[in-house]
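Colleague: I should like to learn how to read a ligand site and the packing of helices. May we work through an example together?

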Amino acid sequence: MSLPVTDTHEQAAPKGDAPGVREVDTLIIGSGFAGLGAAIKLTQAGRKDFVVLERGTEVGGTWRDNSYPGAACDVPSHLYSYSFALNPTWTRSFSTQPEIQRYIESVADKYKVRDRHIFGCDVQNAHWDSARHRWIVQTNKGKFVAKIVVSAVGALCEPNLPDIKGIGDFQGEIFHSAQWNHDSDLTGKRVAVIGTGASAIQIVPQVAKIAKNLDVYQRTAPWILPRADREYTPLEKAAFKYVPGFQKLSRLGIYLMRETQVVGLAKAPIFMKPLQFVAERHLRRQIKDPVLRKKVTPNFRIGCKRMLISNNYFPALAQPNVDVVTDGIEEVTANSIVTKDGTRREVDAIVVATGFHVTDSPTFAHIFGKGGRSLAEVFDEGGQQGYKGSAVAGFPNMFFLVGPNTGLGHTSMVYMIESQLNYLVDALRTIDRYDLGTVEVRRDVQDRYNTDLQDRLASSVWMNGGCASWYLDKHGNNTTLWPGFTFEFRNETRKFDLIAYDSVATGDLPAPPAESAGTGKGKRAGKRKNTDDMTKVAAE
Ligand code: N01
């Protein structure tokens, strides 16, 4: 699929349908687990008029990008996969990044949705054109006009580069964990890793094996649990493949085991104690040196930050060529890192494993809803609030996958994504069925939903565990995590609830002016139809 390239700097919506502008019913942005899943589900629902814009050259999203040494999943693969595309050939309980990436690519092939994609297509901005009741999406490969936009960009797509004095002047190699430089050979070099989160603890053991010395800059010590990872035996693999129901049963077992953690995480943090005991014992067993052990002992309740799993991180820290530095970074110079105590450590390479912009993603600044207000402005003012993680008031005809409060600390995001896909497909079906021109979640409904979410989250370990985490936004609210059992979310999203939305039938929309400026600051959409009327229709 190729598109004529238009002026990439042009911001305004097209006047009329100029050459090089492509009209689609539904436009999906991003092709990780969420966007690819959407493409498959829309196809299965018989929808043909959609396109997936993917800035990379392959499907996979965060699993394509995070190819650092040691990258692997911390949720067992039989659960961390689509329910409709189970893979009996997983080689081990917790798959590595290459195997997961191969799986995602194989699913794209199996469901024949690659030709729905435009790869290397970077979305520069998206404007709601109130006059035309359409989204105008500008990309490096031309302009798109879409009735519906599905944002599937994911929460972990924009690397967070630390604002450390002098870091831009560093003359050695420096790269983020999500942008690993595979041309770089760290063998025999003096390396620094900044950060001790989920990515860093997988990178450190690999780099420690080859670096001359490795300094691990730790700001907050994480809780680490044992990793029950192993290869599947040939017998197990045969059973997954040939014994009816065996793989599904195994998946269910993993799901239920993981779901029990919700009690401690979201409802009564006291129930996290047994897990914390396991983590403390793991630390005691793996680090014998009392000074190092003290350094890497967390000072908050387990679960407050993401719980990590590793069997080789602590042993790597105990290696003679590895130092854990806890003094805090003062500045980076051309060839060294200077800590707040004045110590200068020379380095040849720095790996920045400092996570992602989650509640402050730069992508928010490029999506403009009603009145030309950007998602960034809206989220900055009121926090990252949405409705069922799938819609945001002020952004008509836009659906989100992995939107606000859909994240998890304990189990598979693919389960949440599939719940949202049910909701999305039913929303599109409803829009067609009642020939709706616009749907927009009602502000009062969204507000009530978020008040309820925050009430539920108030007793969670994420709010009471004594840590600072990227789960919380600048208002101190947890706008990233789902506060309950994932099956509750599945139930909530089973059906599109039109009653929660303001909607206008296509026939009731005012005709767009002959020439629309279309920057989202144009005329307002036509009169709103009482949602209850639509619900009555739905009930008939
Ligand atoms: O990022 P993080 P990540 N100076 O934000 C530190 C998923 N994931 O890439 O804790 C110094 O967790 C920061 O310190 P602190 C998973 O959802 C999954 O590791 O804020 N340090 C922290 O130690 C995960 O949660 C898998 O005090 C700075 C680290 O950098 C998410 O990705 C594997 C700093 C950032 O940790 C992100 O993980 C990998 C600064 N200025 C990732 N700024 C699976 O296995 C930040 N830090 C599925």
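Modeller: Certainly; please bear in mind that this is a predicted model. We begin with the ligand. There are 23 residues around the ligand, and those that come nearest are Ala 72, Thr 196, Ser 199, Thr 220 and Lys 305.

Colleague: How do the residues of the shell around the ligand divide into nonpolar, polar and charged?

Modeller: The shell comprises eleven nonpolar, eight polar and four charged residues.

Colleague: Which polar side-chain atom lies 2.4 Å from an oxygen atom of the ligand?

Modeller: That atom belongs to Thr 220. Backbone atoms take part as well. A polar backbone atom of Ala 72 is 2.8 Å from an oxygen atom of the ligand, and for Ala 353 a backbone N or O atom lies 3.3 Å from a ligand oxygen. Taken alone, the ligand exposes 920 Å², of which the protein buries 84%.

Colleague: Let us turn to the helices. What describes two packed helices?

Modeller: They are described by the angle between their axes and the distance between those axes. Consider helix H1 (residues 33-44) and helix H3 (residues 97-110): their axes come within 10 Å and cross at roughly 20°. Angles under 35 degrees count as roughly parallel, and therefore H1 and H3 are roughly parallel to each other. The crossing in which H1 passes H3 is left-handed.

Colleague: At what angle do H1 and helix H12 pack?

Modeller: H1 and H12 (residues 413-433) pack at about 40°, and their axes are 10 Å apart. This angle makes H1 oblique to H12.

Colleague: Is the crossing of H1 past H12 left-handed or right-handed?

Modeller: H1 passes H12 in a right-handed crossing.

How values were computed
Residues numbered from 1 in each chain as written. Predicted model: local features only at pLDDT ≥ 70, side-chain atom pairs only at ≥ 80, totals over all residues. Heavy atoms only, no water. Near = heavy atom within 4 Å. Polar contact = N/O pair within 3.5 Å; in protein donor to acceptor, adjacent residues only side chain to side chain. Areas by Shrake-Rupley, 256 points an atom, 1.4 Å probe, with all protein chains shown as cover. Nonpolar A, V, L, I, M, F, W, Y, C, P; charged D, E, K, R; others polar. Axes fitted to C-alpha atoms, helices over the stretch in contact; angles between N-to-C directions. Helix = DSSP H or I, 4+ residues; strand = E, 2+ residues; numbered from the N terminus. Parallel < 35°, antiparallel > 145°, perpendicular 65-115°, else oblique. Left-handed = near helix turned anticlockwise from the far one by under 90°.
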